[in-house]
Amino acid sequence: MGLSTVQERSAAAANTRSASVQGLLEPLHGQTVVIKYGGAAMEKPGLRNLFSRDIALVRTLGVEPVVVHGGGPQIDRMMKRLGKSPHFIGGLRVTDDETMEIVEMVLAGSINKEIVGAIAAHGARAVGLCGGDAGLIRASRRTCVLPDGKEIDLGRVGDVTAVDAEPLRLLQDNGFVPVLAPLGVGPHGELLNINADLVAGDVAAALNAVKVIFLSDVPAIRGRDGRPLRRVSVAELDNLRREGVIEGGMLPKIEACARALKGGVGQAYVVDGRLPNALLLKLFTHTGLGTEVVL
């Protein structure tokens, strides 16, 4: 084989790879992708650094990411330091006034600023917000109904009633990555603690996002046999919830997926955030990573 033939084949292969990458990028260029960031990806410095770099790269490639972060483990640690015991019902944190002060301090304070700074360290411009800023997220008080029909007061726990997308769009239009702490404004102007998964789902719907990706601490949503589900409908997830197969912290995620999809979001995924570059793999490859939820 002559040198010119080798060069021609090499060039052809490079063009094929370039076209393949371009084909994956094109549908996402200029589009909003909402990422719920939490769990182990936040806890481990190495993964946190990779996530921040991935967000900066995604923005450089022309995709418009919006990050909604949690902070459950950090809140738990702070509560225990202050002599309080975390308590959850139906995957949601019971939040009295004292706990709300801790939640606000941890979410809107230290965690939000750390994520903004980490993204900035990789060359992207990020701005930290909480749902109380500019009335971005309006919320009502949320209760939990147990299987026996008993209604439980969760305290200052909110459920999203409206999202004002304008502040987020203004930031996106000017090249910033919004980083949102999951707090909302209640009916009397009080801050409410809202599950970050639910905020991500509703924000994705308000922004007409093409994708919402929930980075989790598990490889995927699991079915009745305990095996990961690669693709599952909202109706099937509801059945699994009623059967008790899906419980705890996965409950808000499946609710958020349903709300996002019904609100017009193109695709919803639950992905293992412990994997390095999980976000890039889900966005720019055809790997069957995690679970896709469909209507």
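In this predicted model, the sulfur of cysteine 144 lies 19 Å from the closest cysteine sulfur, which belongs to cysteine 257, and this separation is too far for a bond. A disulfide is a covalent bond between the sulfur atoms of two cysteines. With a pair of cysteine sulfur atoms required to lie within 2.5 Å, the count of disulfides comes to zero. Cysteine 144 is nevertheless buried, with a relative accessible area of 13%, and cysteine 130 is likewise buried, with a relative accessible area of 10%.

The chain as a whole contains ten helices and 14 strands. For its 295 residues, a compact globule would have a radius of gyration near 19 Å, and the value of 20 Å computed for the chain agrees with this expectation. The C-alpha trace extends over about 80 × 45 × 35 Å along its principal axes. Of the 295 residues, 51% count as buried, while the surface that the chain exposes amounts to about 13600 Å², with carbon and sulfur atoms supplying 52% of that area. Among contacts in the chain with a separation of 6 or more, 72% are accounted for by residues 24 or more positions apart.

Strand β11, which comprises residues 211-216, has six of its six residues buried, so it is largely enclosed by the rest of the structure. In a regular strand the side chains alternate between the two faces of the sheet. In β11, Lys211, Ile213 and Leu215 point one way, whereas Val212, Phe214 and Ser216 point the other way, and all of these residues are buried. The strand has parallel partners that include β1 (residues 32-37), to which β11 is joined by four bridges, with valine 34 having valine 212 of β11 as its bridge partner. Strand β11 also pairs in the parallel sense with β13 (residues 267-272), in this case over six bridges, and within this pairing lysine 211 has glutamine 267 of β13 as its bridge partner.

Helix α6, formed by residues 166-173, has Pro167, Leu168, Leu171 and Gln172 as buried residues. Viewed down the axis of α6, the buried residues fall within an arc of 135°, so they line one face of the helix. An α-helix has 3.6 residues a turn, so residues three or four places apart point the same way. The exposed residues Glu166 and Asp173 are carried on the face of α6 turned away from its buried side. The buried residues of α6 pack against several elements, among them the strands β1, β2 (64-69), β5 (125-130) and β8 (176-181), together with the helices α3 (45-60) and α7 (196-206). Strand β1 is thus a neighbour of the buried residues of α6 as well as a pairing partner of β11. Following α6 is glycine 175, whose phi is positive, near 85°.

A further position considered here is methionine 78, which has its place in helix α4 (residues 72-81). Methionine 78 is partly exposed, with a relative accessible area of 21%, a value that falls just outside the buried class, for which the cut-off is under 20%. When its neighbours within four places in sequence are left aside, methionine 78 is in contact with Ile102, Met105 and Val106. By contrast, the C-alpha atoms of methionine 78 and glycine 223, which are 145 residues apart along the chain, are separated by 34 Å.

Definitions and conventions: Residues numbered from 1 in each chain as written. Predicted model: local features only at pLDDT ≥ 70, side-chain atom pairs only at ≥ 80, totals over all residues. Heavy atoms only, no water. Buried < 20%, exposed > 50% of the residue type's maximum accessible area, 1.4 Å probe, protein only. Helix = DSSP H or I, 4+ residues; strand = E, 2+ residues; numbered from the N terminus. Pairing = 2+ DSSP bridges. Arc of directions from axis to C-beta. Contact = heavy atoms within 4.5 Å. Rg over C-alpha atoms; globule rule 2.2 N^0.38 Å. Areas by Shrake-Rupley, 256 points an atom, 1.4 Å probe, with all protein chains shown as cover.
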